Amino acid sequence: MVNVTKKVNQRQEKLANFLIDVAKYVLTGVIIASLFEEMTDKLSLYLLGMLIVFAALLVGLRISSKTKD
């Protein structure tokens, strides 16, 4: 039983790390994409990018805090 719990915690920790990395990559992508002058609708890029960043970061941190307990 302990071994199964350990595997679940490891998977949750990996998922949490993955989601935090996704948040970092999306934020980087939004910053780089905003540098291009051909972008016509930068506001939607910022809003959608920040929504994805906050959602991924929030879920990743919440999962990470559950695995520490």
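User: Which residues is Met 50 in contact with, leaving aside its neighbours within four places in sequence?

Analyst: Keep in mind that this is a predicted model: local features need pLDDT of at least 70, side-chain atom pairs count only at pLDDT 80 or more, and totals for chains, interfaces and linings use all residues. Numbering runs from 1 along each chain as its sequence is written, and side-chain values use heavy atoms, with hydrogens and water left out. Contact means heavy atoms within 4.5 Å. With neighbours within four places in sequence set aside, Met 50 touches Leu 27 and Val 30.

User: How far apart in space are Met 50 and Leu 27, C-alpha to C-alpha?

Analyst: Met 50 belongs to helix α2; helices here are DSSP runs (H or I, at least four residues; strands are E, at least two), numbered from the N terminus. Along the sequence, Met 50 and Leu 27 are separated by 23 residues. In space, their C-alpha atoms are 7.3 Å apart.

User: Is Met 50 buried or exposed, or something in between?

Analyst: The cut-offs are under 20% relative accessible area for buried and over 50% for exposed, with partly exposed in between (1.4 Å probe, protein chains only). Met 50 has a relative accessible area of 29%, so Met 50 counts as partly exposed.

User: What is the C-alpha to C-alpha distance between Ala 55 and Ala 23?

Analyst: Ala 55 is another residue placed in helix α2, and at 39% relative accessible area, Ala 55 is partly exposed. Ala 55 and Ala 23 are 32 residues apart in sequence. Their C-alpha atoms are separated in space by 8.2 Å.

User: Which residues does Ser 64 contact, leaving aside neighbours within four places in sequence?

Analyst: Ser 64 is in helix α2 too. Its relative accessibility is 14%, so Ser 64 counts as buried. Skipping neighbours within four places in sequence, the contacts of Ser 64 are Glu 13 and Ala 16.

User: What does the side chain of Lys 42 reach at 2.9 Å?

Analyst: Lys 42 sits in helix α2 and is partly exposed at 29% relative accessibility. Not counting residues up to four places away in sequence, Lys 42 touches Ser 34 and Phe 36. The atom that the Lys 42 side chain reaches at 2.9 Å is the backbone oxygen of Ser 34.

User: How far apart in space are Lys 42 and Leu 58, C-alpha to C-alpha?

Analyst: In sequence, Lys 42 and Leu 58 are 16 residues apart. Between their C-alpha atoms, the distance in space is 24 Å.

User: Which residue forms a salt bridge with Asp 21?

Analyst: Side chains of opposite charge can pair when their charged atoms come close. The rule for a salt bridge is a side-chain nitrogen of Lys or Arg within 4 Å of a carboxyl oxygen of Asp or Glu, and the count by that rule is one. Asp 21, at 27% relative accessibility, is partly exposed, as is its partner at 48%. Both lie in helix α1 (residues 2-34), three residues apart, about one turn of the helix, and with the closest N and O atoms 3.2 Å apart, the partner of Asp 21 is Lys 24.

User: Which residues make the nonpolar surface patch of about 270 Å²?

Analyst: Patch members need over 30% relative accessible area and no salt bridge; like charges are joined within 9 Å, and nonpolar side chains (Val, Leu, Ile, Met, Phe, Trp, Tyr) within 5 Å. Met 39 is a member in the loop between α1 and α2 (42-68), and its relative accessible area is 31%, so Met 39 is partly exposed. The full patch consists of Ile 32, Phe 36 and Met 39.

User: What is the radius of gyration of the protein?

Analyst: The protein has two helices and zero strands. It is more spread out than a compact globule, because the globule rule gives 11 Å for 69 residues; that rule is 2.2 Å times the number of residues to the power 0.38, and the radius of gyration is taken over C-alpha atoms. The C-alpha box along the principal axes is roughly 55 × 15 × 10 Å. The radius of gyration is well over the rule's value, at 16 Å.

Key
Accessible areas come from the Shrake-Rupley method with a 1.4 Å probe; for residues, only the protein chains shown count as cover. A polar contact is a pair of N or O atoms within 3.5 Å; within protein, one must be able to donate a hydrogen and the other to accept it, and residues adjacent in sequence count only if both atoms are side-chain atoms.
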